[in-house]
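Please load the model in your viewer and keep the selection panel at hand. The stops below are meant to be taken in order, each beginning with something to select.

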Amino acid sequence: MKLMDVLISAVVLLIILLIIIPLSAGVLDVMLVINITTSVMILLVTLYSKEALQFSVFPPLLLIITLFRLSLNISSTRLILSNGGEAGKVIRTFGNFVIGGNVVVGVIIFLIITIIQFVVITKGSERVAEVAARFTLDAMPGKQMAIDADLNTGLINDTEARQRRAKVQREADFYGAMDGASKFVKGDAIVGIIIIVINIVGGIIIGVMTLGIPLSQVVQQYTLSTVGDGLVNQLPALLISTSTGIIVTRAASENNLGRDITKQLFSQPQVLIIAGGMIFLIGLIPGLPKIPIFVIAGLLAWLGYTMYNSKKVEKDTKEASLAEQAAQETRKPENVVSLLNVDPIELEFGYGLIPLADASQGGDLLDRVVMIRRQCAVDMGMLIPVIRLRDNIMHKANEYVIKIKGNEVARGEVYADHFLAMNPDATSVKLNGIQTVEPAFGLPAVWITKSERERAEVHGYTIVDPPSVIATHLTEVLKHYGYELLGRQQVQTLLDNLKQTQPALVDEVTPKLFSLGEIQKVLANLLRENVSIRDMATILETMADYSTYTHDPDLLTEYVRQKLKRTISNKFIPSGKARVITISTQLEDMIAENIHKSEQGSYVVLEPEYLQKLASAVKAACEKFASIGITPIVLTSSMVRRFFKKLVEPIIPDLVVLSYNEVDSDIELQSDDKIGI
């Protein structure tokens, strides 16, 4: 590769030197042949490319080959004007071939070739490249969103998503470069016309005034070389212009251009038969040559008939093959391995909610799912697996169901053409609509039509569109069940990410001190109580510090929580002030005295009557706080916090229980109630 890099650099420098260094006629002949050969190779590569990016080097190559051709123009002009019109065998042969003994005809043919290249091919290629660049750049956001949507629905994985994003970026860069590179071809065509005028005028002046050659001989001699020079350079330029037009108009395909043209142009037998009939009718017009027209008409009809029979036989063979394959499928054992896969998260919805997820109908639910995964990563440090979205006719039209590992954990009902209006003030004006309950937080709400929206906003209602209702509900479900979604593979991904910045810490903790499963249990305990695990460095450092004392995941979780006290305080007491519930000393002592240890861990055993009293006391305290609009927070000592949490979790699952060591010293606390039994 290094040798090729040096070789390419040397070639570019040599091309620049050709502009300065005079060439002999023999060397110029070799360079002109190389120029033609390179142009033919480039044209063939564009014909055999299945998509434009397969020849992504074309824009810089176009600049190099154009510079090479211009350097040859300069060298040939130098030879023509300084060597009596003699510029080598290649130029003389091309000149004789085109002129054919008539200077005027030769010049006209050359001008026609140049005009065709400049006006038709180059102008069209330039316009197509400009439009393709503009459309490609405009389509980039939509393509990126489509990739994110496919990723979130599980159609592609992360690697395929990165590859498709890179391809989109490369397409934008390629067509942007082609937009500018096409100007090289246009400029080259203009320069070719200017050079031929200079050669003819300069040759006449030099031949007549300097060399004293008769005017007729000068015109014949210099025009021959000039036209030959123009043709030998315009031919490769025409090939390059054609290559430019092909590559910027080439759509992505599984086959090259030749196969696509053959397949698509001759894929309809009836077209060939009808075309043959029309050509035959044209041949009946008096005065037209009958034989070639009838031969062409007959050939088209024969091709159409042959292709029709071939397609019919192919269709019959395919149907027989499919029938045989189906029979074999029924005879062999069914492969049920694929049925064992369980999606971590599924969002199923009825047919009435399909427009919310269909981007072609204006739905943005897929985009919101992308934002949910990002929000969970930022807020909780969780790597949410791919969320599978699918419609299910078994559900009601406006119903959706959220599943975790194949099991339903939540469901709700939304109306795609309505808005959800919420207002905690029970005395607010009543709205006309469908009374309901907001699915994420259980607040009273009403589904209203678009015409009722303005009235609801005037009276202080909060208005939410259906996709936001589903997205909010899904976010809360993911936060609530996030600890169940945290598998060992996700933990390994988190460790690999941390290892990029802190390899010494990761190498120390795992697998030397803790197994992957032990780390997973600690992280799951944190997520279970809605504590972010984004600060993985602090979590692992704390576990490493206490590794010599214990490997109990529950106890390690308490140590980690104390290290994360600033994070916990900001999470549950963002204002810096809080009114909290405490528990009595007698209750703490009772819990501490009834802690039992086993191989499965530590747990508390209380008499049923005490459990009933505890449940009543906790409910009463929480209802008191809820009645004044305050989220209840219970403070305990660090020794009994986890045991108290396990006791009250069946009663109030989302109750926040903190220890004094988990609250930052800057937090101002006020104890408004005390739980005792």
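Throughout this tour, two residues are in contact when they have heavy atoms within 4.5 Å of each other. The model on screen is predicted.

Begin with the whole protein, whose secondary structure comes to 24 helices and 14 strands, and in which buried residues make up 41% of the 677 residues. Among contacts with a separation of 6 or more, 76% are between residues 24 or more positions apart. If you display the accessible surface, you are looking at about 36600 Å², of which 61% belongs to carbon and sulfur atoms.

Next, select R641, which is found in helix α24, residues 641-648. With a relative accessible area of 1%, R641 falls under the 20% limit and therefore counts as buried. Leaving aside neighbours within four places in sequence, its contacts are E529, E558, R561, T636, V657, L658, S659 and E662. Of these, V657 places its backbone oxygen 2.8 Å from a polar atom of the R641 side chain.

Keep R641 selected and add E558, with which R641 forms a salt bridge whose closest N and O atoms are 2.8 Å apart. This pair links distant parts of the chain, since R641 sits in helix α24 and E558 in helix α20 (residues 553-563), 83 residues apart. Both R641 and E558 are buried. Extend the selection to E529, R561 and E662, and you have the network that salt bridges with shared partners build from E529, E558, R561, R641 and E662.

The structure holds 19 salt bridges, and the following stop shows another setting for them. Select R368 together with D465, whose side chains meet in a salt bridge at 3.1 Å, N to O. Here too distant parts of the chain are linked, with D465 in the loop between β8 (462-464) and α14 (466-480) and R368 in helix α12 (residues 365-380), 97 residues apart. R368 also forms a salt bridge with D364, the closest N and O atoms being 3.2 Å apart. Are these residues buried or partly exposed? R368 counts as partly exposed at 21% relative accessibility, as does D364 at 27% and D465 at 24%.

Finally, turn to the nonpolar interior and select L478, I519, L523, I539 and L540, which touch the most other members of the largest nonpolar core, a set of 70 residues. Centring on I519, and not counting residues up to four places away in sequence, you will find that I519 touches V491, L495, V509, T510, F514, L540 and M543. A second, separate core of 28 residues can be located by selecting some of its members, including I42, A52, L53 and I247.

Methods. Residues numbered from 1 in each chain as written. Predicted model: local features only at pLDDT ≥ 70, side-chain atom pairs only at ≥ 80, totals over all residues. Heavy atoms only, no water. Helix = DSSP H or I, 4+ residues; strand = E, 2+ residues; numbered from the N terminus. Buried < 20%, exposed > 50% of the residue type's maximum accessible area, 1.4 Å probe, protein only. Areas by Shrake-Rupley, 256 points an atom, 1.4 Å probe, with all protein chains shown as cover. Polar contact = N/O pair within 3.5 Å; in protein donor to acceptor, adjacent residues only side chain to side chain. Core = buried A, V, L, I, M, F, W, Y, C linked by side-chain atoms within 4.5 Å. Salt bridge = Lys/Arg side-chain N within 4 Å of Asp/Glu carboxyl O.
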